[in-house]
Amino acid sequence: MKVGIISFAHMHAHSYASYLQKHPDAQLIAVWDDDSRRGEEMATAYQLDFYEDLQVFLLSGIDAVIICSENAKHKEHVIAAARAKKHILCEKPIATEIADAREMIQVCKEEGVILQIAYPVRFAPVMENVKQIVQSGALGDILAIDGTNHGQMPGGWFIEKELSGGGAATDHIVHLMDLVRWMLQDEVKSVYAELDTHFYEIEVEDCGLVSVEMESGVIVGIDPSWSRPKTFPTWGDVTMRIVGTKGTLDIDVFKQHALYYNDRVLKLQHLPWAVDMDERLIGDFVQNVREVRPPSITGEDGLRTLEVVKAAYESHRLKQVVTINKVHFSS
């Protein structure tokens, strides 16, 4: 199976490229990037063919693409790949606008190609275990979930709204909402959010608190802030406290690490030793394409989390609770 990467704008492209090159059933052969200097550098680093023309890239013999362009460009790149009959793994969020996400999903359906969304935290072994515990009923009825997805402020295009779609809320709400939907098999009913910019002099939000009510009545709290300092030993965290009628479960997804006091660079660092979730995400996508299986994380999964993000912005603007009006697809 031959794979190409569309853009190295997102830092996750490096992880995906590394694991594709290690996969016994995949061959990473090509890169396209609208930043030709970056594309050429990545082609050299990973020994790939670089293409300046997207259509020529899509005709280069690849079977699938991984899209790591800026959020606002996902629609253009997903649709181009789908029209060329390439299977797709798209970085999160699926898009910056709900209408765009819906069109992307529809085009991929029409062309008969896989559209999988990159939510790798599902593949963290601890989260697979947590899902089993929750669905087994061991915690009883789930009453509430309190979650964080803190991070360092990434800078670059992430803080340019026309390219990213927003700040910390766009970047981090989606991971936790995907986990909640996946674990509970439940959908969001309403959202209330307060967002602000406190940590940095930027034009998008860098902090906030989001309250979500699920259709089942479960209450979910999310802190998606870019609040980790530059000296923090890792990029950030994903934590959850799940409260049930029979017990409470505390989760720290990145707890498994060694603490490295690195005198050479005068920095404290986390060195993770758990199974890498990006590697498992790539393995799952490759297997889905090779076996012609439905995607494990669908375009609709991406749409549902985007609906929450957009509702959070609307709630912040209106200073009131916003009810989710889910987009439905014709069969």
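This passage walks through a predicted model, starting with its two domains and moving on to salt bridges, one helix and two contrasting residues.

The domain assignment splits the chain into domain 1 (2-120 + 280-298) and domain 2 (124-275 + 305-326). Each of the two is thus listed as a pair of segments. Taken over C-alpha atoms, the domain centres sit 25 Å apart. On the contact side, 21 residues of domain 1 meet 20 residues of domain 2. The size of an interface is often given as the accessible area lost when the parts come together. Here that area comes to about 1,600 Å², with 62% of it from carbon and sulfur atoms. Within domain 1, the residues that lose the most area to domain 2 are Lys 92, Tyr 119 and Arg 280, which together make up 34% of what that side buries.

Polar terms show up at this interface too. There are nine residue pairs in polar contact between domain 1 and domain 2, both partners being at pLDDT 80 or more, and the rule finds three salt bridges across the interface. Lys 92 pairs with Asp 171 in a salt bridge at 2.7 Å, N to O. Arg 280 does likewise with Glu 128, with 2.9 Å between the closest N and O atoms. Arg 280 belongs to helix H9 (residues 277-290) and Glu 128 to helix H6 (residues 125-136), so this pair ties together parts that are 152 residues apart in sequence. Both ends are partly exposed: Arg 280 has a relative accessibility of 28%, and Glu 128 comes in at 27%.

Counting by the salt-bridge rule gives 25 salt bridges. Side chains of opposite charge can pair when their charged atoms come close. One such pair is Glu 111 with Arg 83, whose closest N and O atoms are 2.8 Å apart. Glu 111 is in helix H5 (residues 98-111) and Arg 83 in helix H4 (residues 74-83), so the link joins distant parts of the chain, 28 residues apart. The two partners fall into separate burial classes: Glu 111, at 17% relative accessibility, counts as buried, whereas Arg 83, at 45%, counts as partly exposed.

Another pair, Lys 310 and Glu 97, has its N and O atoms at 3.4 Å. Lys 310 sits in helix H10 (residues 299-318), while Glu 97 is in the loop between strand E5 (87-91) and H5, so parts that are 213 residues apart in sequence are tied together. Lys 310 is partly exposed at 23% relative accessibility, and Glu 97 is partly exposed at 38%. Salt bridges also join up into a network that links Asp 33, Asp 34, Arg 38, Glu 70 and Lys 73.

Arg 38 from that network is also one of the buried residues of helix H2 (residues 36-46), along with Gly 39, Met 42, Ala 43 and Tyr 46. Viewed down the axis of H2, these buried residues fall within an arc of 135°, so they line one face of the helix. An α-helix has 3.6 residues a turn, so residues three or four places apart point the same way. The buried residues of H2 pack against helix H1 (12-22), strand E2 (27-32) and strand E3 (49-51). Turned away from that buried side are the exposed residues Arg 37, Thr 44 and Ala 45. As for the helix ends, Asp 35 caps the N-terminal one, with a side-chain oxygen 3.2 Å from the backbone nitrogen of Arg 37. After H2 comes Gln 47, which has a positive phi, near 55°.

Finally, two residues illustrate contrasting surroundings. Asp 178, in helix H8 (residues 168-184), is buried, with a relative accessible area of 1%. Setting aside residues up to four places away in sequence, Asp 178 touches Tyr 119, Arg 122, Ile 297, Asp 301 and Thr 305. Tyr 119 was met above among the domain 1 residues that lose the most area to domain 2. Lys 161, by contrast, is placed in helix H7 (residues 161-164) and is exposed, with a relative accessible area of 57%. Beyond its neighbours within four places in sequence, Lys 161 is in contact with Gly 166 and Val 204. Lys 161 and Leu 176 are separated by 15 residues in sequence and by 21 Å in space, C-alpha to C-alpha.

Conventions: Residues are numbered from 1 along each chain as its sequence is written. This is a predicted model: local features need pLDDT of at least 70, side-chain atom pairs count only at pLDDT 80 or more; totals for chains, interfaces and linings use all residues. Side-chain values use heavy atoms; hydrogens and water are left out. Buried means under 20% relative accessible area, exposed over 50%, partly exposed in between (1.4 Å probe, protein chains only). Helices (H or I, at least four residues) and strands (E, at least two) are DSSP runs, numbered from the N terminus. The arc is that of the directions from the helix axis to the C-beta atoms. Contact means heavy atoms within 4.5 Å. A polar contact is a pair of N or O atoms within 3.5 Å; within protein, one must be able to donate a hydrogen and the other to accept it, and residues adjacent in sequence count only if both atoms are side-chain atoms. Domain bounds come from an automatic or database domain assignment. Buried area is the accessible area (1.4 Å probe) that two parts lose on being put together, summed over both. A salt bridge is a side-chain nitrogen of Lys or Arg within 4 Å of a carboxyl oxygen of Asp or Glu.
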